[in-house]
Amino acid sequence: GRCRLLCKPSALAQHLVRSLGRSAALRGGRWPWPRWPQLQMLWQLLQPPEPEPVVARELLQLPDAGLVALDWLVGPWGAAGGGGGVSSPVLLLIPNAAGKVTRGLLQLGLRALERGFIPVIFNRRGHNGCPLTTPRLQPFGDPGDLREAVTYLRCRHPSASLLAVSEGSGSGLLLAYLGESGSSSRLAAAACLSPIFRGRDWFEAGMPWLYEWPLLLHLKQGLSRYAGALAEVVDMDRLLGSRSLRELEETLFCRSRSRPSSWECYWERNEPLRDADEAAVPVLCLCSADDPVRGPAARSLPRELFRSSPYFFLLLTPHGGHCAFPRRRPGRCWAHEAVLEYFRAMAEFLRTEERRKGLPRPR
């Protein structure tokens, strides 16, 4: 279609171009009103997933006695494929920074389930009904809790490939994890749908009210459940009275009573791309030039990163909104098909390289 792949030339890049070029996901069947990204976003957010997935929740205790929740998508069993086997790839789904599990993320999980993946959703502390057992939430780009979840998944599925997909602002967490972990990330490949690359700039620029206010209300509703516990470390009146996502983030993590910090120091520790040069896992970032949430492409896309790093690939489309990428067939997002095709191409490339070099498969 009209997509462009921006990356550093390599054998992997050539293989990816061929694989995506053959994919039916990138051909025709686009949204009939391509220049209305706000409408595309609403269409994705407001419609419930079909069919409704069956989820089995597992709580993972962290070293400081905090909890994160892992939601395994285990149905509907009527879907073709009906789940994976012992060595089926595990697909870790990371929601946006507000913890909102959107229709699109669930649809991606269902498509993956149909194709034999084992999809599981990572829920941060206090998000999506996960109990908050310590007066501490996860900062925007702190990958500590995600690292514990990845370690657990690797122990539970030692013979399976581990993949990860993030949505929207949740990509800040995945990108930070890949940079901090380097070659020790334990992931075979990763993908980001409509990622936020520059966290500080994104919070300071603000977003369209159509997106910011629902997320702000969603966050406040979740935080109000733990007002008693959080009152020990943060000013709850100021927190619940926040009128922007930046004000809420600053109140929660920079003006805490236990560890106050400046806005500048906070982003030195939490920028998603602070250690991007250390990343050693292929990452496909699928972005739309008309994304109303990320901001103008000229200042919000780090093109130089994709030109210089052999691990970062930017699939850029002129229209698609934020995490929408719809096409005319109901209940379908062409980006989901492109991401699953990318994972298939990555597995094929790695198998070819192992045979060519005569390397034993890692155990």
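Strand S1 is joined to strand S9 (residues 312–317) by 3 bridges, and the two run antiparallel. One of the pairings puts Leu6 opposite Leu314 in S9, its bridge partner. This is a predicted model, and that S1–S9 pairing is one end of a bigger arrangement: 9 strands make up an open sheet, ordered S1-S9-S8-S7-S6-S4-S5-S3-S2, with mixed pairing. Strands in a sheet pair through backbone hydrogen bonds, in parallel or antiparallel fashion.

As for the edges, they belong to S1 (4–6) and S2 (55–61). Each of these has just a single partner strand, so one side of each goes without a neighbour in the sheet. From one strand to the next, the twist averages 20 degrees.

Now for the helices on the sheet. Helix H5 (residues 171–181) packs on it and touches strand S4 (90–94), strand S5 (118–123), strand S6 (162–167), strand S7 (189–193), strand S8 (283–288) and S9. The direction of H5 makes about 150 degrees with that of S7. Helix H14 (residues 334–357), for its part, lies across S4, S6, S7, S8 and S9 and runs at about 165 degrees to S7.

Zooming out, the protein has 14 helices and 9 strands. Of its 363 residues, 55% count as buried. Looking at contacts with a separation of 6 or more, 76% come from residues 24 or more positions apart. On the outside, the protein exposes about 15800 Å², with carbon and sulfur atoms supplying 54% of that area.

Conventions: Residues numbered from 1 in each chain as written. Predicted model: local features only at pLDDT ≥ 70, side-chain atom pairs only at ≥ 80, totals over all residues. Heavy atoms only, no water. Pairing = 2+ DSSP bridges. Helix = DSSP H or I, 4+ residues; strand = E, 2+ residues; numbered from the N terminus. Axes fitted to C-alpha atoms, helices over the stretch in contact; angles between N-to-C directions. Contact = heavy atoms within 4.5 Å. Buried < 20%, exposed > 50% of the residue type's maximum accessible area, 1.4 Å probe, protein only. Areas by Shrake-Rupley, 256 points an atom, 1.4 Å probe, with all protein chains shown as cover.
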